[in-house]
Amino acid sequence: MADEEHPEHPTAARIAAFDITDEREQAALRAVVDYWWAPFHDTKRNQAATTLSLTPWVRLHLGCYCPQARQSGTFSVQTNMIRPVRNTCGHCDHPLATSKDAPAIRLLT
């Protein structure tokens with residue numbers, strides 16, 4: 001939930017729930033992200049942070065392991081992408097996942 005420039009930057013969000021189901025021999029991962037906000041000073045932009053919009057977005061980073069390359073890797077999915085989104089292995093180009101639905105976000109105040 002941090003940006004690439006500041007990967008250690010924490011955010012007021014958490015994965016509140018997820019489940020894995022088997023739909024006709026294809027696993028499905030569903031995620032619910034709780035996102036809450038409190039006033040703070042944005043040190044990156046040196047200004048007061050603005051409140052969340054009614055349509056916030058989230059990026060989830062997922063890990064994978066390539067048995068062919070014997071290396072781990074990652075890919076990500078965002079709520080604001082046009083679906084379906086297909087992800088492939090960065091080592092062997094094997095299809096990994098298709099994002100059909102965006103992760104659900106619950107705004108907590």
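Start with the whole chain as a cartoon. Along the sequence, the pattern reads β-β-β-β-β-β-β-β-β. The secondary structure holds nine strands and zero helices. This is a predicted model, so keep that in mind at each stop.

Now switch to a surface view. The chain has 109 residues, and 23% of them count as buried. About 8600 Å² is exposed, with carbon and sulfur atoms supplying 52% of that area. For contacts between residues at least 6 apart in sequence, 30% join residues at least 24 apart.

**Stop 1: the nonpolar patch**

Select Ile-15, Phe-18, Ile-20 and Leu-29. Together they make a nonpolar surface patch of about 450 Å². Then colour strand β1, residues 13-23. This strand gives the patch its largest share, three residues. Ile-15 is placed in strand β1. Is Ile-15 buried, partly exposed or exposed? At 46% relative accessibility, Ile-15 counts as partly exposed.

**Stop 2: the salt bridge**

Select Asp-42 and Arg-45. How many salt bridges does the count give? The count comes to one. Arg-45 and Asp-42 form a salt bridge, and their closest N and O atoms are 2.9 Å apart. Show the accessibility of each partner. Arg-45 is exposed, at a relative accessible area of 51%. Asp-42 counts as buried, at 13% relative accessibility. The label for Arg-45 follows from the cut-off, because exposed means over 50% relative accessible area.

**Stop 3: Asn-46 and Gln-47**

Step along to Asn-46. This residue sits in the loop between β3 (41-42) and β4. Check its backbone. Asn-46 is not a glycine, yet its phi is positive, about 55°. Most residues other than glycine have a negative phi. Asn-46 is also exposed, with a relative accessible area of 61%.

Next, pick Gln-47. Its place is in strand β4, residues 47-48. Gln-47 is partly exposed, at a relative accessible area of 40%. Which residues does Gln-47 contact, leaving aside neighbours within four places in sequence? They are His-41 and Asp-42. Asp-42 is the residue that forms the salt bridge with Arg-45.

**Stop 4: the cis peptide**

Go to Arg-83 and Pro-84. Display the backbone atoms. A cis peptide bond joins these two residues, with omega about 0°. Most peptide bonds are trans. Where is Pro-84? Pro-84 lies in the loop between β6 (71-78) and β7 (85-88).

**Stop 5: Ser-99**

Keep Arg-83 and Pro-84 on screen. Add Ser-99, which lies in strand β8, residues 95-99. The side chains of Ser-99 and Arg-83 are joined by a polar contact of 2.8 Å. Now widen the selection. Not counting residues up to four places away in sequence, Ser-99 touches Val-77, Arg-83, Pro-84 and Val-85. Both residues of the cis peptide bond, Arg-83 and Pro-84, are thus among the contacts of Ser-99. Is Ser-99 buried or exposed? Ser-99 is buried, with a relative accessible area of 12%.

**Stop 6: the cysteines**

Select Cys-64, Cys-89 and Cys-92. Show the sulfur atoms. How many disulfides does the count give? The count comes to zero. Why is there no bond at Cys-64? The closest cysteine sulfur to that of Cys-64 is in Cys-89, 5.5 Å away, too far for a bond. Cys-92 also has its closest cysteine sulfur in Cys-89, at 3.8 Å, and that is too far for a bond. The cut-off settles the matter, because a disulfide needs cysteine sulfur atoms within 2.5 Å. Cys-92 itself is partly exposed, with a relative accessible area of 29%.

**Stop 7: Asp-93**

Finish one residue on, at Asp-93. Asp-93 lies in the loop between β7 and β8. Look at the backbone again. Phi of Asp-93 is near 70°, a positive value in a residue other than glycine. Is Asp-93 buried or exposed? Asp-93 counts as exposed, at 56% relative accessibility.

Note on methods:
Residues are numbered from 1 along each chain as its sequence is written. This is a predicted model: local features need pLDDT of at least 70, side-chain atom pairs count only at pLDDT 80 or more; totals for chains, interfaces and linings use all residues. Side-chain values use heavy atoms; hydrogens and water are left out. A salt bridge is a side-chain nitrogen of Lys or Arg within 4 Å of a carboxyl oxygen of Asp or Glu. Buried means under 20% relative accessible area, exposed over 50%, partly exposed in between (1.4 Å probe, protein chains only). Helices (H or I, at least four residues) and strands (E, at least two) are DSSP runs, numbered from the N terminus. A polar contact is a pair of N or O atoms within 3.5 Å; within protein, one must be able to donate a hydrogen and the other to accept it, and residues adjacent in sequence count only if both atoms are side-chain atoms. Contact means heavy atoms within 4.5 Å. Patches are made of residues with over 30% relative accessible area and no salt bridge: like charges are joined within 9 Å, nonpolar side chains (Val, Leu, Ile, Met, Phe, Trp, Tyr) within 5 Å. Accessible areas come from the Shrake-Rupley method with a 1.4 Å probe; for residues, only the protein chains shown count as cover.
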